Amino acid sequence: MRTQLITLATGIAMAIANTATASSAATQIKTNQFWWPEQLDLSPLRQHGIKSNPYGANYDYRKEFIKLDLTQVKADIKATLTDSQDWWPADWGHYGPLMIRMAWHSAGVYRVHDGRGGAAGGQQRFNPLNSWPDNANLDKARRLLWPVKQKYGKQLSWADLMVLSGNVALESMGFKTIGFAGGRSDDWEPDLVYWGPETTFLVDERRDKKGKLKGPLAAVEMGLIYVNPQGPHGKPDPLLAAADIRLSFGRMAMNDEEIVALIAGGHTFGKAHGAKKPNDCIGKEPAAAPTEQQGFGWKNKCGSGKGADTSTSGFEGAWTVTPTQWSTNYLDNLMNFNWVQTTSPAGAIQWIPDNPAAANLVPDAHIKNKRSAPIMFTTDLALKEDPAFRQIIEKFRTDPKEYELAFAKAWFKLTHRDMGPRARYLGSEIPQVALTWQDPIPPHEGDIITPKDIEALKTAIKRTGLPNSDLIETAWAAASSHRITDMRGGANGARIQLAPQNHWAVNNPLQLKKVLAKLKQVKTQFNKRVSRQVSLADVIVLAGATGLENALNKAGLSVSVPFIPGRTDATQRQTDIESFNYLEPKADAFRNYYHSDAYMSPTKMLVDKANMLGLSVPEMTVLLGGMRVLETNTDNSKTGVLTATPGSLDNAFFVNLLDMRTKWQKSKSQPGIYLGFDRKTGKQQWQASSVDLIFGSNSELRAIAEVYASDDAKQKFANDFVKVWVKVMRLDRFDLG
């Protein structure tokens, strides 16, 4: 009878669960992308709104952070590192290696091609990153730090805490870091990022026929930070692994020396965990785990499920004999032993020394008196087998101090690469040295030019005879190189005059050269007459403002374009050409520019560009409409210039786009081009791109376009355009606070 009751209860529970699942599916809200997958997705321009932030619009994290006693914060973190908890025991009684891995994986998703990823925002707290296979059990690291976060609340972001904990961990284990900079505010929702085309984890469908990663991606498989430790697609070939390492780390801003220093230095600490077979023991990741686990994932049902029974990466063992102390032992083990292939208890391919004497070198992390052989991954052996990597390894073995400095610098770059220039750094441990990858800009010296000076400069700019469109396009080209994803680029520094930006096709190099020559003359002549000096960067931005005011006057509108001087000019020596080349736009819809190397359609690249400029949907709309009538297309074509009075900054683009007297059809001879014909006469009136027409075909964009096409919107259009223009011009003015 008891068995029957249990069976009945189980059956009822299953029926309820199935009903709930069916009900959930039936009542699930279906987005427009569900019904029309090809519809332009504007959601990236609505993310991270102030409504998501529980601290509200007046909260200023930077002001809160500088109130911290950083020494006390570090002391609290250090105490946490050796306070082993029963629910997740520390290896060798020290959480340092776990915290290093957490900090590394928080920052390590950074990628150079679009500046996305990185430690800023504390995105490791959210899906999908918190549930990537490569981030297994890092949920425990953040829970261990919760008492510290709880203590300091709004003064210490998770983004800063995770990186700082990695620093403290290194220092507590005998390594000297070169510093730490705070200022990373937290996000309150997952970032919308293209992580790859795959639909399952640990799969690689992201390369072209030559093996090159497509688009902006850096990791070689979905759900990995960098590369597969077993080798490409699980093939244990060190030389093939070396190629993947160089490809992936290179797309995360690291050169060969930095790659070797990071891998060697990182694997000096801690161990890999693969005591149990995942398929038999390990539960779902946090995003799919049941409610009662409260955000914990990868629950292990085998043995104790923790400590000696932990399974994380699937590999098992430590690389060095002192896993909680800085040493050169990783380098010595790698080079002195002959490594043979084996498998971990979880089934992962790894390597151990062929020398039986090595079997008792490494003390077990949890079991007293147990010792094991050191291990290596296939990706570790890549450092030995690849000739260039091996040369660096040998150099580090010869000079341990150079090795230590190389790791310190590479670690700092890894954890600070997405913060932008040093002007954004906060705290008492900021390194004094300026590094090239920080895109240094000279500090402003002397007095700032006055309002009277600004008017004199405007007059001089007008006397150059340069067309307003050229002035505007040059200012746009300089400022719109900025991307908020990693705070790089922008008008400050006037790097548009330097390689590589002065050669970018999108910047129309021949036209740019002529404009810059005239503007340099304005700068030189002014600086000869006045003690207060103006930079070329300021002249470029002011020239854009001058061109806009002229275009507004032509439209019969009197609107002043705000301008704040204080920019300075960088030198070619301060500009890393290779690094800055990653900022070259493959598409700039605001200039109707689209390159065949772009990895998305022109309309999706429009949204991507607007997203990297931090624009809202209305800001993107008004900005594009204004740029069209100002004739700022890269190729100086009439595509999208939907106005009878080009050069006049008015709302004509929207008026003519929505005019029902025009019938649009695809061009038969020009792919991606649409022709507008008068419905009555059949005469061609306009030519436009898909980017132009999306503002009439997409229902959301059309709704905004209708606002600006209305008869009462001329002044609103002008005011709104100027406001967003100034926003773009000041994106990199971190000196303004």
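Modeller: Before you ask anything, here's the one rule we'll lean on: two strands count as paired if DSSP finds at least two bridges between them. Also keep in mind that this is a predicted model.

Colleague: Okay, let's try that on β3 and β4. Which residue in β4 is the bridge partner of W339?

Modeller: Strand β3 covers residues 339-343 and strand β4 covers residues 349-353. DSSP asks for at least two bridges, and these strands have 5, running in the antiparallel sense. Go to W339 and look across to β4, and its bridge partner there is P353.

Colleague: What phi does G347 have in the turn of that hairpin?

Modeller: The hairpin of β3 and β4 has 5 residues between the strands. G347 sits in that turn, and its phi is positive, at about 100°.

Colleague: Now the sheet further along the chain. In what order do the strands of the open sheet come?

Modeller: Let's build it pair by pair. β9 is joined to β10 by 5 bridges, with the two running antiparallel, and Q665 has L675 of β10 as its bridge partner. Strand β10 (residues 673-678) also pairs with β11 (residues 684-689) in the antiparallel sense, again over 5 bridges, with F677 standing opposite Q684 of β11. Put together, this open sheet of 3 strands has the order β9-β10-β11.

Colleague: Which strands stand at the edges, and why is one side of each left without a neighbour?

Modeller: Each edge strand has a single partner strand, so one of its sides has no neighbour in the sheet. From one strand to the next, the twist averages 25°. The strands at the edges are β9 and β11.

Colleague: Which helix packs on the sheet?

Modeller: Look for a helix that touches β9, β10 and β11. Its direction makes about 100° with that of β11. Residues 690-697 form it, and its name is α23.

Colleague: On to helix packing. At what angle do α17 and α18 pack?

Modeller: Two packed helices are described by the angle between their axes and the distance between the axes. For α17 (residues 509-529) and α18 (residues 536-554), the axes are 9 Å apart and the angle is about 115°.

Colleague: Are they parallel or perpendicular?

Modeller: The cut-off matters here: 65 to 115 degrees counts as roughly perpendicular. α17 passes α18 in a right-handed crossing. With that packing angle of about 115°, α17 and α18 are roughly perpendicular.

Colleague: How many nonpolar residues are in the contact of α17 with α18?

Modeller: From α17 come L516, L519, K520, V522 and K523, and from α18 come L536, V539, I540 and A543. Sorted by class, 2 of the contact residues are charged and none is polar. The nonpolar count is 7.

Colleague: α18 also packs with α15. How many charged residues does that contact have?

Modeller: Here the axes of α15 (residues 451-463) and α18 are 10 Å apart, at an angle of about 75°, and the two helices are therefore roughly perpendicular to each other. I454, L457, K458, I461 and K462 of α15 meet V539, L542, A543, T546, E549 and N550 of α18. By class, 6 are nonpolar and 2 are polar, while the charged residues number 3.

Colleague: Which residue does C281 join in a disulfide?

Modeller: For a disulfide, the sulfur atoms must be within 2.5 Å. C281 has an S to S distance of 1.9 Å to its partner, and the link is left-handed, with -85° about the S-S bond. C281 lies in α10 and the partner in the loop between α10 and β2, so parts 21 residues apart in sequence are tied together. That partner is C302.

Colleague: Last one, about a loop. In which loop does P500 lie?

Modeller: You can spot P500 by its backbone, since the peptide bond from A499 to P500 is cis, with omega near 5°. Another cis bond runs from N127 to P128, with omega near 0°. As for P500, its loop is the one between α16 and α17.

Key:
Residues numbered from 1 in each chain as written. Predicted model: local features only at pLDDT ≥ 70, side-chain atom pairs only at ≥ 80, totals over all residues. Heavy atoms only, no water. Axes fitted to C-alpha atoms, helices over the stretch in contact; angles between N-to-C directions. Helix = DSSP H or I, 4+ residues; strand = E, 2+ residues; numbered from the N terminus. Parallel < 35°, antiparallel > 145°, perpendicular 65-115°, else oblique. Left-handed = near helix turned anticlockwise from the far one by under 90°. Contact = heavy atoms within 4.5 Å. Nonpolar A, V, L, I, M, F, W, Y, C, P; charged D, E, K, R; others polar.
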